[in-house]
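Colleague: I've got this one open in the viewer and I'd like to learn how to read it feature by feature. Could you walk me through it?

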Amino acid sequence: MAVQARDRIRARANGEFTTVRILLAHPMHTGRGMDENEQLVPAEYIQDIRCWRNKQEMLAVKCGTATARNPYFAFQLKGGEPGDIITVRWVDNLGAKGTVETTVT
Amino acid sequence: MKQGHNKQRRKVVKQVISAATLALVASSGLLIPQRLLAHWPREAFNAKTIEDALLALVGEAEQLNDDSIRFTVGSPPSYAVNGASVPVELETSLENIERVIILVEKNPQPLAMLIEPTEYMVMPFKSMIKIAEDSDVMAVVRANGQLYTTSRSVRIDVGGCA
């Protein structure tokens with residue numbers, strides 16, 4: 001399981017675009033899966049992911065249960081230069097939250 | 001003198017009442033989750049069919065089949081060994097994208113992902129989704145007030161228990 005893992009984020013500017021890659025550490029239980037004792041695992045999944053660049057919102061992703069475990073996202077932002085701060089925040093259905101931040105290289 | 005005293009007392013009573021109400025609402029746990037999840041379209045995510053999910057999200061709208069969306073599911077395309085983690089990649093030449101919706105037809109809850117980009121985001125967008133069994137995967141892009149859809153069928157070896 002990915003319980004010990006950390007959220008990870010990389011952002012790289014290549015002139016015209018900034019490429020952002022995010023890997024969140026989250027089990028993403030759908031509420032339909034069984035554990036080793038044949039018990040239903042209660043639903044626990046990320047619902048809302050938001051991304052900011054220098055405090056300006058860039059992107060919001062809403063997830064249902066069908067997002068894979070340890071959600072991965074990659075996308076590009078217009079412009080940007082090394083030194084920009086990219087922040088990602090997520091909230092899951094139980095109210096747990098996480099923030100991960102990086103500096104564009 | 002007496003009037004002033006009364007006014008003061010009224011103010012204090014009022015403040016106590018409003019503070020008590022606020023504390024009650026906050027402690028009942030209604031305030032926080034409501035605010036956090038206000039923008040999560042519960043109805044659409046809990047829908048059991050693609051039609052219901054789309055209806056809840058975008059209402060009745062004309063859908064155009066569009067080739068300007070490049071949509072790849074699985075790796076190699078349209079095949080995935082493990083349904084619990086199927087890569088999807090979406091690229092389009094459309095401008096002014098308001099929403100991108102990814103739906104998996106045979107999943108118990110078809111709506112997989114709802115992306116709300118701003119003007120600063122550029123495709124391609126990549127992510128991983130779960131797919132329960134062999135199914136059609138649909139991408140709906142809302143841009144310039146129109147819906148553009150495209151669909152890919154994908155073969156799954158081991159279901160992702162989505």
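Modeller: Let's begin with a side chain that reaches over to the other chain. In this predicted model, a polar atom of the side chain of Ser127(B) lies 2.7 Å from the backbone oxygen of Tyr72(A).

Colleague: Where does Ser127(B) sit in chain B, and is it buried or exposed?

Modeller: Ser127(B) belongs to strand 7 of chain B. It counts as buried because its relative accessible area is 2%, and the cut-off for buried is under 20%.

Colleague: And which residues is Ser127(B) in contact with, leaving aside its neighbours within four places in sequence?

Modeller: Residues of both chains. From chain A there are Tyr72(A) and Phe73(A); from chain B there are Val86(B), Pro87(B), Val88(B) and Met113(B).

Colleague: Let's zoom out to the interface. How many residues of each chain are in contact?

Modeller: 32 residues of chain B touch 31 residues of chain A. The buried area between the two chains is about 2,800 Å², with 57% of it coming from carbon and sulfur atoms. Of the area that chain B buries against chain A, Trp40(B), Tyr120(B) and Lys130(B) supply 22%, more than any other three residues.

Colleague: What about the polar side of things? How many residue pairs are in polar contact between chain B and chain A?

Modeller: The count is 12 residue pairs, with both residues at pLDDT 80 or more. Turning to what chain B brings, the elements that each give two or more residues to the side touching chain A are helix 2 (31-37), strand 6 (111-117) and strand 7 (121-129). Strand 7 gives the largest share, nine residues. By residue type, that side of chain B divides into 22 nonpolar, six polar and four charged.

Colleague: And which residues form a salt bridge across the interface?

Modeller: The rule finds one salt bridge there. Its partners are Lys62(A) and Glu116(B), whose closest N and O atoms are 3.5 Å apart.

Colleague: Strand 7 of chain B keeps coming up. Which strand of chain A does it pair with?

Modeller: It pairs with strand 5 (residues 72-78) of chain A, in the antiparallel sense and over four bridges. To find the register, look for residues that stand opposite each other: Gln76(A) faces Val122(B) in this way.

Colleague: Now backbone geometry. What should I expect by default?

Modeller: Most peptide bonds are trans, and most residues other than glycine have a negative phi. Exceptions are worth picking out. In strand 7 of chain B, where Pro124(B) is found, the peptide bond from Met123(B) to Pro124(B) is cis, with omega near 5 degrees.

Colleague: Which residues of chain A have a positive phi without being glycine?

Modeller: Lys55(A) is one, with phi about 70 degrees. It lies in the loop between strand 3 (46-53) and strand 4 (56-63) of chain A, and it counts as exposed because its relative accessibility is 79%. Asn70(A) also has a positive phi, near 50 degrees. Asn70(A) is in the loop between strand 4 and strand 5 of chain A, and at 24% relative accessibility it counts as partly exposed.

Colleague: Can you show me a polar side chain inside chain A?

Modeller: Try Thr18(A), in strand 2 (residues 17-23) of chain A. It counts as buried because its relative accessibility is 0%. A polar atom of its side chain lies 2.6 Å from the backbone oxygen of Gly79(A). Beyond its sequence neighbours, Thr18(A) is in contact with residues including Arg12(A), Arg53(A), Phe75(A) and Val104(A).

Colleague: Last stop, the fold of chain B. How many helices and strands are there?

Modeller: Four helices and nine strands, and from the N terminus the four α elements precede the β elements. Of the 162 residues, 38% count as buried. Among contacts with a separation of 6 or more, 65% join residues 24 or more positions apart.

Colleague: How do I read the two faces of a strand, say strand 2 of chain B?

Modeller: Follow the alternation along residues 69-73: Ile69(B), Phe71(B) and Val73(B) make the covered face, while Arg70(B) and Thr72(B) make the uncovered one. This strand pairs with strand 4 (residues 86-92) of chain B in the antiparallel sense over five bridges, and Ile69(B) stands opposite Thr92(B) there.

Terms used:
Residues are numbered from 1 along each chain as its sequence is written. Chains are lettered from A and ligands numbered from 1 in the order in which they are written. Side-chain values use heavy atoms; hydrogens and water are left out. Contact means heavy atoms within 4.5 Å. Buried area is the accessible area (1.4 Å probe) that two parts lose on being put together, summed over both. A salt bridge is a side-chain nitrogen of Lys or Arg within 4 Å of a carboxyl oxygen of Asp or Glu. A polar contact is a pair of N or O atoms within 3.5 Å; within protein, one must be able to donate a hydrogen and the other to accept it, and residues adjacent in sequence count only if both atoms are side-chain atoms. Ala, Val, Leu, Ile, Met, Phe, Trp, Tyr, Cys and Pro count as nonpolar, Asp, Glu, Lys and Arg as charged, and the others, Gly among them, as polar. Two strands pair if DSSP finds at least two bridges between them. Buried means under 20% relative accessible area, exposed over 50%, partly exposed in between (1.4 Å probe, protein chains only).
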